[in-house]
Amino acid sequence: MGRSRRKKKHTQGKIVQSDVQHITGDKLPKSFVISRGKLPPPVRQLQLDLRKLMLPHTALNLKEKKKNTLKDFVHVAGPLGVTHLLIISSTENAPYLRVARCPHGPTLTFKIHEYSLMADIARSQSRPMSTVGIFKNPPLIVLAGFGSQEQQLKLITVMFQNIFPVIDVNTVKLSSCQRVVLLSYNKDTKQIDFRHYSITLQPLGVSRRIRKFVQNRQVPDLRGLNDAKLWIRK
């Protein structure tokens, strides 16, 4: 008895997320945050904090091995669509941060004079803000003090403007704007303050009671009141 031949079924995968920015048509910026050499525990934690800052378009749980070279990461960056490398290193004098554009540069090198970890900021606050869900969207980038015509400042401006996706102010959802990265250049010290903020949307021009009502969306307790105005003025 002859055997029937099994027909091969062809399946076609679906594209989950586009790697092209719909506003500019350019490649969506993605990054690797890696280290070179041995890092002290605080600087190692700084590297992990920097990975969180670069979310969602970075590899949060990227595994590094001692035998990995910088060429290894550059080699895999192309197929994975990675456009930038952020490289943390440390010497006896200070830690350093290099920001490189893949695959042919340029590369910017910064000496880190001072830094605070996310855990340090949370411990210093009396009421730390919850970070649940704020890393689902990339942060907004704000540059201050970079209006000079110096070539190096122009290069820094272009590098950091392109390290995060472009937003359209006419169509962006305010609920997705939950973080801000601020780079402020001090022309006197020639240093850059690199800060990462969590932000919330709050109504203005209303009393504190109304603001809490709008944010919590809970029905107020009006028992014992003859008019809602009494609750507002209370």
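This report describes the nonpolar cores, aromatic pairs, pocket and cavity of a predicted model, and then turns to Leu60.

## Nonpolar cores

The largest nonpolar core has 25 residues, and within this core Leu86 and Val99 have the most contacts. Several elements each contribute at least two residues to this core, namely helix H1 (41-53), strand S2 (84-90), strand S3 (95-101), S4, H4 and strand S6 (179-186). Nine residues form a second, separate core, and Phe32, Ile34, Val82 and Ala100 are among them.

Leaving aside residues up to four places away in sequence, Leu86 is in contact with Ser31, Phe32, Val33, Ile34, Leu50, Met54, Leu97, Arg98, Val99 and Ile163. Val99, one of the residues that Leu86 touches, is also named with Leu86 for having the most contacts inside the largest core, whereas Phe32 and Ile34, which Leu86 touches as well, are included in the second core.

## Aromatic pairs

Across the whole structure there are four aromatic pairs. In one of them, the ring centres of Phe32 and Phe73 are 6.3 Å apart and the planes stand at 75 degrees, so this pair is classed as edge-to-face. The pair joins distant parts of the chain, since Phe32 belongs to strand S1 (residues 31-36) and Phe73 to helix H2 (residues 70-80), with their positions 41 residues apart in the numbering. Both Phe32 and Phe73 are buried.

Phe110 and Phe160 make a tilted aromatic pair, with 6.2 Å from centre to centre and 55 degrees between the planes. This pair, too, links distant parts of the chain, with Phe110 in strand S4 (residues 107-111) and Phe160 in helix H4 (residues 151-161), 50 residues apart. Phe160 has a relative accessibility of 5% and therefore counts as buried, the limit being under 20%. Ring pairs connect Phe110 and Phe160 with Phe194 in a cluster.

## The largest pocket

The largest pocket holds about 1,700 Å³ of space. Its lining comprises 45 residues, of which Tyr115, Ser116, Phe194, Arg195 and His196 are the closest to the centre of the pocket. Phe194 is thus found in this group and also in the aromatic cluster with Phe110 and Phe160.

At least two lining residues come from each of H1, S4, helix H3 (118-124), H4, S6 and strand S7 (191-198), and S7 gives the most, with eight residues. Sorted by class, the lining of the largest pocket consists of 27 nonpolar, 10 polar and eight charged residues.

## The cavity

One cavity of 30 Å³ or more is counted in the model, and the largest cavity contains about 60 Å³ of space. The residues that line this largest cavity are Pro29, Lys30, Ser31, Met54, Leu55, Pro56, His57, His84, Pro138, Ile163, Phe164 and Pro165. By class, eight of the lining residues are nonpolar, three are polar and one is charged. Ser31, Met54 and Ile163 appear in this lining and are also among the residues that Leu86 touches.

## Leu60 and its surroundings

Leu60 is located in the loop between H1 and H2. With a relative accessible area of 34%, Leu60 is partly exposed, because this value falls between the limits of 20% and 50%. Apart from residues up to four places away in sequence, Leu60 touches Arg51, Lys52 and Leu55, and Leu55 is also one of the residues lining the largest cavity. Between Leu60 and Phe32 there are 8.6 Å in space, C-alpha to C-alpha, although these residues are 28 residues apart in sequence.

Definitions and conventions. Residues numbered from 1 in each chain as written. Predicted model: local features only at pLDDT ≥ 70, side-chain atom pairs only at ≥ 80, totals over all residues. Heavy atoms only, no water. 1 Å grid on protein atoms, 1.4 Å probe; cavity = no way out; pocket = protein on both sides within 12 Å on 5 of 7 lines; lining within 4 Å. Points joined across faces, edges and corners; volume = space filled by probe spheres on them. Nonpolar A, V, L, I, M, F, W, Y, C, P; charged D, E, K, R; others polar. Phe/Tyr/Trp six-rings, centres within 6.5 Å; stacked < 30°, edge-to-face > 60°. Helix = DSSP H or I, 4+ residues; strand = E, 2+ residues; numbered from the N terminus. Buried < 20%, exposed > 50% of the residue type's maximum accessible area, 1.4 Å probe, protein only. Core = buried A, V, L, I, M, F, W, Y, C linked by side-chain atoms within 4.5 Å. Contact = heavy atoms within 4.5 Å.
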